[in-house]
Amino acid sequence: MESLEFELRDEYIPLCDLLKYCGITETGGMAKQLIDEGFVQVDGEVELRKRAKIRAGQVVSGDGFEIHVA
């Protein structure tokens, strides 16, 4: 499993943007599709909101990846 750390520069980042910036998907559209299909979890719970506000301390995970937001 690929484990990444993302340094947050603002109060939050939308989930679909986080996946794109971390290289989990190549485009925002691909990120939205991954979220729509239920393949992304935030703090262990499936997250279906594409623009869910991800804040420092949260963990975003899915098939083969885990992103720790700092």
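The following exercises, each with a worked solution, concern the fold of one protein chain.

The structure is a predicted model, in which local features need pLDDT of at least 70 and side-chain atom pairs count only at pLDDT 80 or more, while totals for chains, interfaces and linings use all residues. Residues are numbered from 1 along each chain as its sequence is written, and side-chain values use heavy atoms, with hydrogens and water left out.

**Exercise 1. The overall fold**

Determine which secondary structure elements the protein chain has, and in what pattern they follow one another.

Step 1. Helices (H or I, at least four residues) and strands (E, at least two) are DSSP runs, numbered from the N terminus. By this rule the protein chain has two helices and seven strands.

Step 2. Along the sequence, these elements appear as β-β-α-α-β-β-β-β-β.

Step 3. The radius of gyration is taken over C-alpha atoms, and the globule rule is 2.2 Å times the number of residues to the power 0.38. The radius of gyration of the protein chain is 10 Å, close to the 11 Å from the globule rule for 70 residues, so the chain is as compact as a globular protein of that length.

Step 4. The C-alpha trace spans about 25 × 25 × 20 Å along its principal axes.

**Exercise 2. The order of the sheet**

State the order of the strands in the open sheet of five strands, and identify those that stand at the edges.

Step 1. Two strands pair if DSSP finds at least two bridges between them. The order of the open sheet is β1-β7-β6-β3-β4, and its pairing is mixed.

Step 2. β1 (2–6) and β4 are the edge strands; each has a single partner strand, so one side of each is left without a neighbour in the sheet.

Step 3. Strands of a sheet pair through backbone hydrogen bonds, either parallel or antiparallel. β1 and β7 (residues 65–69) run parallel and are joined by five bridges. β6 (residues 59–62) pairs with β7 in the antiparallel sense over four bridges. β3 (residues 40–42) runs antiparallel to β6, with three bridges between them.

**Exercise 3. Partners across the strands**

Find which residue of β7 is the bridge partner of phenylalanine 6, and which residues stand opposite isoleucine 67.

Step 1. Phenylalanine 6 has valine 69 as its bridge partner in β7.

Step 2. Isoleucine 67 in β7 has leucine 4 opposite it, and valine 60 also stands opposite isoleucine 67.

Step 3. Phenylalanine 65 in β7 faces glycine 62. The hairpin of β6 and β7 has two residues between the strands, and in it glycine 64 takes a positive phi near 90°.

**Exercise 4. The two faces of β7**

Decide which side chains of β7 are buried and which are not.

Step 1. Buried means under 20% relative accessible area, exposed over 50%, and partly exposed in between (1.4 Å probe, protein chains only).

Step 2. In a regular strand the side chains alternate between the two faces of the sheet. In β7, Phe65, Ile67 and Val69 point to one face and are buried, whereas Glu66 and His68 point to the other and are not.

Step 3. Glutamate 66 has a relative accessible area of 24% and is therefore partly exposed. Contact means heavy atoms within 4.5 Å. Setting aside neighbours within four places in sequence, the contacts of glutamate 66 include Met1, Ser3 and Val59.

**Exercise 5. Two buried residues**

Classify isoleucine 54 and glutamate 47 as buried or exposed, and describe where each lies.

Step 1. Isoleucine 54 belongs to strand β5 (residues 53–54). Its relative accessibility is 1%, so isoleucine 54 counts as buried.

Step 2. Beyond neighbours within four places in sequence, isoleucine 54 is in contact with residues including Leu8, Tyr12, Val42, Val60 and Val69.

Step 3. Glutamate 47 is located in the loop between β4 (45–46) and β5. With a relative accessible area of 12%, glutamate 47 is therefore buried. Leaving aside neighbours within four places in sequence, the contacts of glutamate 47 include Leu15, Ile35 and Ala52.

Step 4. For the protein chain as a whole, buried residues make up 34% of the 70 residues.
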